[in-house]
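Me: I'd like to go through this one by question and answer, backbone oddities and chain contacts included. Shall we start once the model is up?

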Protein chains: 2
Amino acid sequence: MKRPTIADVARRAGVSKGAVSYALNGQPGVSDATRQRILAIAQEIGFNPNSAARALSGASANAVGLALCRPARILGIEPFFMELISGVEAELSARSYALTLQVVASPEAEIAVYRRWWGERRVDGVLVCDLRVDDRRVPVLEELRLPAVVIGGPGHSGGLDHVWSDEAVALTEVLEYLVALGHRQIARVGGLPGLLHTEIRTETFGTVCRRLGLDRTVTVSSDYSGEEGARATRRLLSSADRPTAIVYDNDVMAIAGLSVAQEMGLGVPSDVSIVAWDDSPLCQLVHPSLTALHRDIPAYGAHAAGRLLAAIAGQPLGDFQDETAHLIPRGSTAPPRQP
Amino acid sequence: MKRPTIADVARRAGVSKGAVSYALNGQPGVSDATRQRILAIAQEIGFNPNSAARALSGASANAVGLALCRPARILGIEPFFMELISGVEAELSARSYALTLQVVASPEAEIAVYRRWWGERRVDGVLVCDLRVDDRRVPVLEELRLPAVVIGGPGHSGGLDHVWSDEAVALTEVLEYLVALGHRQIARVGGLPGLLHTEIRTETFGTVCRRLGLDRTVTVSSDYSGEEGARATRRLLSSADRPTAIVYDNDVMAIAGLSVAQEMGLGVPSDVSIVAWDDSPLCQLVHPSLTALHRDIPAYGAHAAGRLLAAIAGQPLGDFQDETAHLIPRGSTAPPRQP
DNA sequence: TCGCTATGCTTAACCGGAAAAGTTCACTCC
DNA sequence: GGAGTGAACTTTTCCGGTTAAGCATAGCGA
């Protein structure tokens, strides 16, 4: 089956290719009557402009790129990325932009992908996840002048636009809540060290605990996987002065932690309270359901995508602070058992 | 920053654009010495061929499409798709193909996306998920002659290549295992009706139960979400003759079911055994860990992608039966308590 | 009546590659 | 020595759009 081209439309309408192009793109230069006729014919023969030809003459590929640097195992289990992608997609497809996805093995590979995409003009811009402290991807994107929106922050995104949410405030809410319940020994199982939001949380955790007068607080690093979350929890709960509450950097680790606690014969929340960061439906499926920090991740993705499209259109909007995650107390938190 | 084009390489090498094209594409027509020189220069100035220009002259967009028709909520929570995408990606990026992703709201929208992609020449082929009985997408793809690989089957994929895994054998293994443990009342919480694999499972469930002499068996339809899984479980477990074992069509519903059982004060596996289809790491994070049907989903995706690339290259390979899911018994199954 | 402008269209150049067709030249061979 | 050949390039055309520039025609004011 032959794909209809602009020439086919032009022939049937008895006008030139140029006229068709003007008509379809809403440009002036054709009468209203002709425009209507051309639109009808294009519709009738199912004409869609060849994206390559368009990209070649205009400058726009009508696509944005997203490179994810996580092992398959973790990508699958963490709802975060898929929800983010859903949100990004919703915004993009409303403006008929395509999303080009690539899973990479390392930050270096990710940089190579950006360079290739830029050279190939395959995408008009990119969304950058997992912002790191002094991220090496940032200067490369700036050098390439590839429009980009960083998802994460604040700071460390150089001159790139970014969309972020206040991790410090959210964590503070959690800690104040736990302290209000009576907890004094609070531990945290953190995400991948080096990621900016992990570092922000770690620093905030220290600061707020000191401010609240908690002395025996500890952060253990992990990698977001259930296995690591379980291992960290096992270590924490076997220690001499075990914490009465644990805050996890994602929901998967929190669920693993819950399971470990129950396995060790500890009651949740009676012996140990659990709080999860990121509130996927999973948190409500386990028993007891998990107290979690909730935010609208698809909306977060949609905002980032919207900003990226604006940046591509040449309107640098500056940074955008998205909704702060808020605590949803559920069954996994309670006052600690009196000693 | 100006993107280097083939003309820049040609100028620096002191040859024509044509020579550069031959050299970079491994075509005959240039001497080895010149080829090396051109390659070195291309490397040095970081030349990447403009994908649009390439797509416009050749016929290949060097991209494949994947349209997903599920609400964001479910896409996020089900590890299946993200794992599948990881596998697809691994295969594609090894052959430097891009993956274009689109989330759609309905099968009609999905068909529209295929038509658009085809018209825009945006992709060279597509992967089709969630095969339905008498799927309307199949004739459209055949009519468009858009290379496609259907993930799912067997059958109902018309003349399109497909990659499938034997659901019937897997389910039979589960049922025989449960019967061997002594279960006689087995229920199943099924996935979305209309999806081919759901229908195959439903039919197999009926057939095998009859063959094994089980009389009181029941299948409840659901939508893969935890909420629905919980509701279905609640109904099953409150019924007069409640089942002693429940098989769930995915892991999320199984986890929800486990939670409901525990909430109702029933012991798992003492009062009710639970088996999950799809064995994401989640199954090992809950307590007791779930007996599950395991298969390598990234590999499944990689196989499909590989077949699609072959189909695009013009080698129709015919159907491919992937590994059958196999049962991994864990803590959620045991002989039923004696009445 | 003659310009002048605005409208509505056509023409043609261009984007950056791929590849067919054409050119040059060294070399072979009768 | 002249035709024939093949290697190594160059030139040209093409893909299918966008868009600047060109060109009739109509309308209008002086």
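Me: In this predicted model, which loop of chain A does A:Pro288 lie in?
Reply: A:Pro288 is worth a look because most peptide bonds are trans. The one joining A:His287 and A:Pro288 is cis, with omega about 0 degrees. As for its place, A:Pro288 sits in the loop between H13 and strand E10 (291-294) of chain A.

Me: And what is omega for the peptide bond from B:His287 to B:Pro288?
Reply: Over in chain B, B:Pro288 is found in the loop between helix H13 (282-285) and strand E10 (291-294). The bond leading into B:Pro288 from B:His287 is cis, and its omega is near 0 degrees.

Me: What about A:Tyr224, is it buried or exposed?
Reply: A:Tyr224 lies in the loop between strand E7 (218-221) and helix H11 (226-238) of chain A. Its phi is positive, about 80 degrees, although it is not a glycine. The cut-off for burial is 20 or more other C-beta atoms within 10 Å. A:Tyr224 has 24 of them, so it is buried.

Me: How does B:Asn62 count by its C-beta neighbours?
Reply: B:Asn62 is another residue other than glycine with a positive phi, near 55 degrees. It lies in the loop between H4 and strand E1 (63-68) of chain B. Being buried takes 20 or more neighbours and being exposed takes 12 or fewer. With 19 C-beta neighbours inside 10 Å, B:Asn62 therefore counts as partly exposed.

Me: Which residues does A:Asp278 touch, leaving out those up to four places away in sequence?
Reply: A:Asp278 is in the loop between strand E9 (273-277) and H13 of chain A. It is buried, because 24 other C-beta atoms lie within 10 Å. With the neighbours in sequence left out, the residues it touches are A:Phe80, A:Asn250, A:Asp251 and A:Leu293.

Me: How many residues of strand E1 (residues 63-68) of chain A are buried?
Reply: Take the two faces of E1(A) in turn. One side has A:Ala63, A:Gly65 and A:Ala67, the other A:Val64, A:Leu66 and A:Leu68, and all are buried. The strand is mostly covered, and the buried count is 6 of its 6 residues.

Me: In E3(A), what is the bridge partner of A:Val64?
Reply: E1(A) runs parallel to E2(A), joined by 6 bridges, and there A:Val64 has A:Leu99 as its partner. E1(A) also runs parallel to strand E3 (residues 125-128) of chain A, with 3 bridges. In E3(A), the partner of A:Val64 is A:Gly125.

Me: In E2(B), what is the bridge partner of A:Thr100?
Reply: Here the pairing crosses between chains. E2(A) and strand E2 (residues 98-103) of chain B pair in the antiparallel sense over 3 bridges. In E2(B), A:Thr100 is partnered by B:Thr100.

Me: Which element gives the largest share of the side of chain A that touches chain B?
Reply: The contact takes 53 residues from chain A and 53 residues from chain B. Elements giving two or more residues to chain A's side include H4, helix H5 (72-77), helix H6 (79-94) and strand E2 (98-103). By class, that side has 26 nonpolar, 16 polar and 11 charged residues. Its largest share, 8 residues, comes from H6(A).

Me: What kind of axis relates the two copies?
Reply: Chain A can be laid on chain B with an RMSD of 0.1 Å, using a turn of 180 degrees and a shift of 0.0 Å along the axis. The copies are therefore related as by a two-fold rotation axis. The same surface serves both, and the share of chain A's contact residues that recur in chain B is 100%. So the axis is a two-fold rotation axis.

Me: Why are the buried residues of H8(B) on the same side?
Reply: The buried residues of helix H8 (residues 137-144) of chain B are B:Arg137, B:Val138 and B:Leu141. An α-helix has 3.6 residues a turn, so residues three or four places apart point the same way. In H8(B), the buried residues are on the same side because they cover an arc of only 100 degrees.

Me: Which residues come closest to DNA strand C?
Reply: 25 residues surround DNA strand C. By class, that surface has 9 nonpolar, 13 polar and 3 charged residues. The closest are A:Ser16, A:Gly18, B:Ile6, B:Ala53 and B:Ser57.

Key. Residues numbered from 1 in each chain as written. Chains lettered and ligands numbered in written order. Predicted model: local features only at pLDDT ≥ 70, side-chain atom pairs only at ≥ 80, totals over all residues. Near = placed C-beta within 6 Å. Nonpolar A, V, L, I, M, F, W, Y, C, P; charged D, E, K, R; others polar. Least-squares fit on C-alpha atoms with pLDDT ≥ 70 in both. Contact = placed C-beta atoms within 7 Å. Helix = DSSP H or I, 4+ residues; strand = E, 2+ residues; numbered from the N terminus. Arc of directions from axis to C-beta. Pairing = 2+ DSSP bridges.
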